[in-house]
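Me: I am new to this structure and want to know the reasons behind the terms used for it. Please take the terms one at a time.

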Amino acid sequence: MKKKSFPYQHGFSPIEQDRLRRQARFAEQTLYRDINFSDCKNVLEVGCGVGAQTEILLRRFPCIKTQSIDLNKKQLSAAKQHLDQFKEFKGRYKLSKMNAVNLEFESNSFDGAFLCWVLEHIPSPEKVLAEIRRVLKPGGVIYLTEVMNHTFFLDPYSPNVWKLWMAFNDYQYDNGGDPFIGAKLGNLLTAQGYKDIQTNVKTWHFDNRLPSKRKEYIEFWAELLLSAKDQLLEAGVVTEEIVEGAQRELKNVAFDPNAVFYDSIMQASARVY
Ligand SMILES: C[S@@+](CC[C@H](N)C(=O)[O-])C[C@H]1O[C@@H](n2cnc3c(N)ncnc32)[C@H](O)[C@@H]1O
């Protein structure tokens, strides 16, 4: 049975907010390679968090203005503080507190929409996609980037990391989120009547060919996993022993001369007519 309100497992601490900013920069090349808003003027960003992707959108597409929404006030004030630093963005962005399942915009308001790591946290992704379809103008484009946590692989085998990872995914799933949603984006978009749907699996696979990148990715991924540790401990779904074991194993794997890191995500795009 799905619960109504989903406890966001990463939390809203300043450390987590900083992690979101580093995550956005870290993944920028991979994510934005296939995103093109250069024909757009007004782009809706759903679940903007601390404005890390907003910054990239405004920098990469000087033609656009963004309207970014998030459900959480702390994220929005961090986003405002972050974006206000960039004089060149003045007058180009708006931030509003809003629930993605009930967008307070007129129909046909935007020519682009952007979501990144958001649908996985919302118990009714179909409502969000229906709302975005309503507020997009005919010809409008949507880009979504979402996780596929079932694809993660780490070698050498690290039992506590696996236990923590399984608990992380179960916790999200049991509370109404969906850590596997990336693979379902094609179906979700089709069900809401989107057209020209494209899905693109993007993979980070690092081994002995790129040891320093591998170490960087393992450390980045460790931060993501450990960002949920307090909530998982509080919920009683992992023990201190598992968390400490996972921390130890992640350090060892990062320095292992034969480590393998593998993780795939899904990026989808579609249009409305
Ligand atoms: C993992 S963060 C991603 C933030 C940003 N897109 C990025 O890539 O840095 C997910 C964000 O979605 C927001 N969120 C969750 N449920 C939401 C909802 N129903 N409506 C709007 N925002 C929501 C959370 O508050 C959080 O800031």
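Reply: A residue counts as buried under 20% relative accessible area, as exposed over 50%, and as partly exposed in between. The model is a predicted one.

Me: What makes Asp 196 count as partly exposed?

Reply: Asp 196 has a relative accessibility of 45%. Partly exposed is the class between 20% and 50%, and therefore Asp 196 counts as partly exposed. Asp 196 lies in strand β7, residues 195-206. Its phi is near 50 degrees, which is a positive value in a residue other than glycine.

Me: Trp 117 has a positive phi. Where does Trp 117 lie, and is it buried or exposed?

Reply: Trp 117 lies in the loop between β4 (110-116) and α4 (125-135). Its relative accessible area is 15%. Buried means under 20%, so Trp 117 is buried. The phi of Trp 117 is near 55 degrees, and Trp 117 is a residue other than glycine.

Me: Why is Leu 83 called buried?

Reply: Leu 83 has 0% relative accessibility. The cut-off for buried is under 20%, so Leu 83 counts as buried. This residue is found in helix α3, residues 73-84.

Me: Which residues does Leu 83 contact, leaving aside its neighbours within four places in sequence?

Reply: Leu 83 is in contact with Gly 51, Thr 54, Glu 55, Leu 58, Phe 89, Tyr 93 and Leu 95, with those sequence neighbours left aside. The C-alpha atoms of Leu 83 and Val 50 are separated by 9.0 Å, and these two residues are 33 residues apart along the chain.

Me: How do you know that Cys 48 is too far from the closest cysteine sulfur for a bond?

Reply: A disulfide needs two cysteine sulfur atoms within 2.5 Å. The closest cysteine sulfur to that of Cys 48 is in Cys 116, 12 Å away, and therefore too far for a bond. Cys 63 is in no disulfide either, as its nearest cysteine sulfur, that of Cys 40, is 7.1 Å away. By this rule the count of disulfides is zero.

Me: Which accessibility classes do Cys 48 and Cys 63 fall into?

Reply: Cys 48 has 6% relative accessibility. That value is set against the cut-off of under 20%, so Cys 48 counts as buried. Cys 63 has a relative accessible area of 38%. The class between 20% and 50% is partly exposed, so that is the term for Cys 63.

Me: Why are α5 and α7 called oblique to each other?

Reply: Helix α5 (residues 159-174) and helix α7 (residues 211-226) pack at about 50 degrees, and their axes are 10 Å apart. Roughly parallel needs an angle under 35 degrees, and roughly perpendicular runs from 65 to 115. The angle is in neither range, nor over 145 degrees, so α5 and α7 are oblique. Their crossing is left-handed.

Me: Which residues of α5 and α7 meet?

Reply: Val 161, Leu 164, Trp 165 and Phe 168 in α5 meet Trp 221, Leu 224, Leu 225 and Leu 226 in α7. By class, this contact has eight nonpolar, no polar and no charged residues.

Me: What makes α1 oblique to α7?

Reply: Helix α1 (residues 14-32) and α7 pack at about 140 degrees, with their axes 11 Å apart. Roughly antiparallel needs an angle over 145, and roughly perpendicular ends at 115, so α1 is oblique to α7. The crossing of α1 and α7 is left-handed. Arg 19, Arg 22, Gln 23, Phe 26 and Thr 30 in α1 meet Glu 216, Tyr 217, Phe 220, Glu 223 and Leu 224 in α7. That contact has four nonpolar, two polar and four charged residues.

Me: Why is α5 called oblique to α9?

Reply: α5 and helix α9 (residues 240-255) pack at about 120 degrees, with axes 7 Å apart. Roughly perpendicular ends at 115 and roughly antiparallel needs over 145, so α5 is oblique to α9. Their crossing is left-handed. By class, the contact has seven nonpolar, two polar and three charged residues.

Key: Residues are numbered from 1 along each chain as its sequence is written. This is a predicted model: local features need pLDDT of at least 70, side-chain atom pairs count only at pLDDT 80 or more; totals for chains, interfaces and linings use all residues. Side-chain values use heavy atoms; hydrogens and water are left out. Axes are lines fitted to C-alpha atoms, for helices over the stretch in contact, and angles run from 0 to 180 degrees between N-to-C directions. Helices (H or I, at least four residues) and strands (E, at least two) are DSSP runs, numbered from the N terminus. A crossing is left-handed if the near helix is turned anticlockwise from the far one by less than a right angle, and right-handed if clockwise. Contact means heavy atoms within 4.5 Å. Ala, Val, Leu, Ile, Met, Phe, Trp, Tyr, Cys and Pro count as nonpolar, Asp, Glu, Lys and Arg as charged, and the others, Gly among them, as polar. Buried means under 20% relative accessible area, exposed over 50%, partly exposed in between (1.4 Å probe, protein chains only).
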